[in-house]
Amino acid sequence: MVGFVAYVFDGKRTAAKALDTLEDNVPVYEWIDNIALVSKSKHGHLNIRSTWAQDDMGAAGFGWGAFTGALLGMLAGPGGALAGAALGGSMGGMMGVTADIAFDDPALDDFTNSLTKDTSALVLAGDDDVLADYEGVVGPLGGKLIKTNLNEDDVKKIKKALKD
């Protein structure tokens, strides 16, 4: 089972500050370089940043960060729920990966609807073990929790596209 977990915070920079705090932890969290940061300014400008290509698994073509990036690329792609996003880091390359995948998931709709003006989010997709650790660490930082299990057919399509 592959899940999606997002924490949506009030404030455009709140998630970035939370991520900075998490990055300073010793020992380093295994999933830290797989997180995507999404923010929306008070004027409604959306920005998505991911560090997935900076880790070894991402460089090899697949890791949970790459998967998270592909998922957000689908949501931000042409006509997607996050259409019009400014993609940072290596996210721009993920746009084409998900062009033919459309999710029908109320939790993903809730996520996109939660990104109102002056909000931000930390997002991770992964297996149960990765997400349990992520939730245990990020949960106490606050934010609205949005989580779901992704459709297995969609997961297969994204993984195949990442390999290609």
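I158 is buried, with a relative accessible area of 0%. This residue belongs to helix α6, which spans residues 152-163. The model is a predicted one. Its chain holds six helices and six strands, and 50% of its 164 residues are buried.

**Overall architecture**

- Read from the N terminus, the order of the elements is β-α-β-β-α-α-β-α-β-α-β-α.
- Among contacts with a separation of 6 or more, 77% are between residues 24 or more positions apart.
- The chain has an accessible surface of about 8,000 Å². Carbon and sulfur atoms account for 49% of that surface.

**I158 and F103**

- The relative accessible area of I158 is 0%, which is under the 20% limit, and therefore I158 counts as buried.
- I158 and T68 lie 90 residues apart along the chain, yet their C-alpha atoms are separated by 9.9 Å.
- F103 sits in the loop between β4 (86-87) and α4.
- F103 has 17% relative accessibility; this value is also under 20%, so F103 is classed as buried.
- Leaving aside residues up to four places away in sequence, F103 touches L71, M74, L108, D154 and I158. The last of these, I158, is in helix α6.
- From C-alpha to C-alpha, F103 is 8.1 Å from N151, with their positions 48 residues apart in sequence.

**Salt bridges**

- The structure contains two salt bridges.
- Side chains of opposite charge can pair when their charged atoms come close.
- One of the bridges joins the side chains of D110 and K144, at an N to O distance of 3.1 Å. It links distant parts of the chain, since D110 is in helix α4 (residues 106-114) and K144 is in strand β6 (residues 144-149), 34 residues apart.
- D110 has a relative accessibility of 31% and counts as partly exposed. K144 is likewise partly exposed, with a relative accessible area of 40%. Both values fall between 20% and 50%, so neither residue is classed as buried or as exposed.
- The side chains of E135 and K147 form a salt bridge with an N to O distance of 3.2 Å. This pair also connects distant parts of the chain: E135 is in helix α5 (residues 128-138) and K147 is in strand β6, twelve residues apart.
- K147 has a relative accessible area of 48% and is partly exposed, because this value is not over the 50% needed for exposed.
- Strand β6 thus contributes K144 to the bridge with D110 and K147 to the bridge with E135.

**Surface charge**

- A patch of negative charge on the surface is formed by D20, E23, D24 and D33.
- D20, one of the patch members, is placed in helix α1 (residues 14-23).
- The relative accessibility of D20 is 44%, so D20 counts as partly exposed. This is over the 30% that a patch member needs, and D20 can therefore be included in the patch.

**Backbone geometry**

- Most residues other than glycine have a negative phi, and most peptide bonds are trans.
- The peptide bond from V26 to P27 is cis, with omega near 5°. P27 lies in the loop between α1 and β2 (36-40).
- D118 is not a glycine, but it has a positive phi of about 60°. Its place is in the loop between α4 and β5 (119-127).
- The relative accessible area of D118 is 37%, so D118 is partly exposed.

Terms used:
Residues are numbered from 1 along each chain as its sequence is written. This is a predicted model: local features need pLDDT of at least 70, side-chain atom pairs count only at pLDDT 80 or more; totals for chains, interfaces and linings use all residues. Side-chain values use heavy atoms; hydrogens and water are left out. Helices (H or I, at least four residues) and strands (E, at least two) are DSSP runs, numbered from the N terminus. Buried means under 20% relative accessible area, exposed over 50%, partly exposed in between (1.4 Å probe, protein chains only). Contact means heavy atoms within 4.5 Å. Accessible areas come from the Shrake-Rupley method with a 1.4 Å probe; for residues, only the protein chains shown count as cover. Patches are made of residues with over 30% relative accessible area and no salt bridge: like charges are joined within 9 Å, nonpolar side chains (Val, Leu, Ile, Met, Phe, Trp, Tyr) within 5 Å. A salt bridge is a side-chain nitrogen of Lys or Arg within 4 Å of a carboxyl oxygen of Asp or Glu. Lys and Arg count as positive and Asp and Glu as negative; His and the chain ends are not counted. The place of a charge is taken as NZ of Lys, CZ of Arg, CG of Asp or CD of Glu.
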